[in-house]
Amino acid sequence: MIITRSPLRISLGGGGTDLPSYYKDHGGFVLAAAIDKHVYITVHEPFTNQIILKYSQMEVVKPGDEIKHPIVREALKLVGVDGRIEIASMSDIPAGTGLGSSGSFTTALLRALHELCSDSPRPEMLAEQACHLEMDLLKEPIGKQDQYISAFGGITAFTFHPDGQVEAARLKLAPETLSNLEDNLMLFFTGFTRSASGILRDQDERSRKNDQAMLDNLSFIKQLGYESKAALEADNLNEFAHLMNVHWEHKRRRSPDMTNQTIDDYYCLARKSGALGGKLIGAGGGGFLLLYTEDKTRLRRVMGEAGLREVRIRFDFDGTRVVARS
């Protein structure tokens, strides 16, 4: 039995510029942090000659038969695993909440299959293979951020070059800055789940058509990503919080489906209750509000009274890894 885990993530700046429709012409930059909420994959060799998959559904097929789950199907082909196998997945946070669960699932699955084949891919190879699977083979209108931050972990800046190469660099944060950042970030579930595909597909199509408003928006967001990195490395957390707020104000203009009145009301309430900055995590439309505050007690009480559930987080510096093998 092999058990792997891959962290979920929060975006800290530059989100949306990791899609090929943007970075192939303009270059992209994303600042992301892996958190201590994970997707787990268990791989086991069953007694019977079957492929058994356990996720939100269950599949039992014979080797060579068509597997319904697209990521599992393509991952088995990509790594060259055939014959009997049992794969089960679990997650600390459900899909559709904006924390990059699909990328985490894919990297955790590929890492488990490679381990089954006695192979230990480096983070960059694992991330690129996951991107190839989701973006090239399955044609999903997504970017590369989720797969890379899951594979690498930590608080990492990713530069997406027009030729497809990705440069990863851990942020150089003072220990006190890291501790304060971790303590002052708060994550609240809005109660809305959604698929990111619709919003991302609209962004992708408009970028491909050189929609100037979309390109200008993404370029501004990219610049905010650079400024957010500089603020964190300069130990200027108040400036980082301010940039989060500017980021959200521009991000919400990207699509009419980016937010709704309830989410806007939650954000306004947070700002009135001690949040110095914040934004909706992920493509938009639901999921989690990430807020920065120096008055956690007040913000926790007010958001709790409004009915929002807090998920307490720490950073994950391990990335995708094998946690057990027997």
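A residue counts as buried when its relative accessible area is under 20%. By that cut-off leucine 8 is buried, because its relative accessibility is 1%. The model described here is a predicted one, and leucine 8 is a friendly place to start exploring it.

Leucine 8 belongs to strand E1. Leaving aside neighbours within four places in sequence, its contacts include Ala33, Ala34, Ile35, Lys37, His38 and Val39. Further along the chain, leucine 8 also touches Ile93, Leu99, Gly100, Ser101 and Ser104. One of these partners shows nicely how a fold brings distant parts of a sequence together: serine 101 is 93 residues away from leucine 8 in sequence, yet their C-alpha atoms are 6.1 Å apart in space.

Strand E1 spans residues 2-13, and glycine 14 lies in the loop between E1 and helix H1 (20-26). Is glycine 14 buried or exposed? With a relative accessible area of 0%, glycine 14 is buried. Residues up to four places away in sequence not counted, glycine 14 touches Phe29, Val30, Ile221, Lys222, Gly225 and His247. From glycine 14 to valine 246 there are 232 residues along the sequence, but 12 Å in space from C-alpha to C-alpha.

Helix H2 (residues 70-79) is the next stop. Seven of its 10 residues are buried, so H2 is largely enclosed by the rest of the structure. Those buried residues are Ile71, Val72, Arg73, Glu74, Ala75, Leu76 and Val79; the list includes the charged residues Arg73 and Glu74. What do the buried residues of H2 pack against? Their partners are strand E3 (51-54), strand E5 (85-91), and the helices H3 and H4. After H2 comes glycine 80, which has a positive phi near 85°.

Helix H3, one of the partners of H2, covers residues 101-116. From its first C-alpha to its last, this 16-residue helix reaches 22 Å, close to the 22 Å expected at 1.5 Å a residue. H3 is mostly covered, with 14 of its 16 residues buried. Just after H3, serine 118 has a positive phi of about 60°.

H3 also meets helix H5. The axes of H3 and H5 come within 8 Å of each other and cross at roughly 50°. That angle makes H3 oblique to H5, and the crossing is right-handed. On the H3 side the contact involves Gly103, Ser104 and Thr107, while H5 contributes Asp146, Gln147 and Ser150. By residue type, this contact has no nonpolar members, five polar ones and one charged one. Ser104 also appears among the contacts of leucine 8, which links this helix pair back to strand E1.

A second helix pair joins H4 (residues 123-137) to H5 (residues 145-152), with axes that come within 8 Å and cross at roughly 150°. Because of this angle, H4 is roughly antiparallel to H5. H4 passes H5 in a right-handed crossing. The H4 residues in this contact are Pro123, Glu124, Leu126, Ala127, Glu128, Ala130, Cys131 and Glu134, and they meet Gln147, Tyr148, Ala151 and Phe152 in H5. The residues here divide into eight nonpolar, one polar and three charged.

One member of this contact, cysteine 131, sits in helix H4 and counts as buried because its relative accessibility is 1%. Neighbours within four places in sequence aside, cysteine 131 is in contact with Asp136, Lys144, Gln147 and Tyr148. Leucine 237 is 106 residues from cysteine 131 along the chain, and 32 Å separates their C-alpha atoms.

The backbone offers two further details in loops. Most residues other than glycine have a negative phi. Lysine 139, however, has a positive phi near 60°. Its place is in the loop between H4 and H5, and at 63% relative accessibility lysine 139 counts as exposed, because the cut-off for that label is over 50%. Aspartate 235 likewise has a positive phi, of about 65°, although it is not a glycine. Aspartate 235 is found in the loop between helix H8 (212-233) and helix H9 (237-251). Its relative accessibility of 45% means that aspartate 235 counts as partly exposed.

Notes: Residues are numbered from 1 along each chain as its sequence is written. This is a predicted model: local features need pLDDT of at least 70, side-chain atom pairs count only at pLDDT 80 or more; totals for chains, interfaces and linings use all residues. Side-chain values use heavy atoms; hydrogens and water are left out. Helices (H or I, at least four residues) and strands (E, at least two) are DSSP runs, numbered from the N terminus. The expected span of a helix is 1.5 Å times one less than its number of residues. Buried means under 20% relative accessible area, exposed over 50%, partly exposed in between (1.4 Å probe, protein chains only). Axes are lines fitted to C-alpha atoms, for helices over the stretch in contact, and angles run from 0 to 180 degrees between N-to-C directions. Angles under 35 degrees count as roughly parallel, over 145 as roughly antiparallel, 65 to 115 as roughly perpendicular and the rest as oblique. A crossing is left-handed if the near helix is turned anticlockwise from the far one by less than a right angle, and right-handed if clockwise. Contact means heavy atoms within 4.5 Å.
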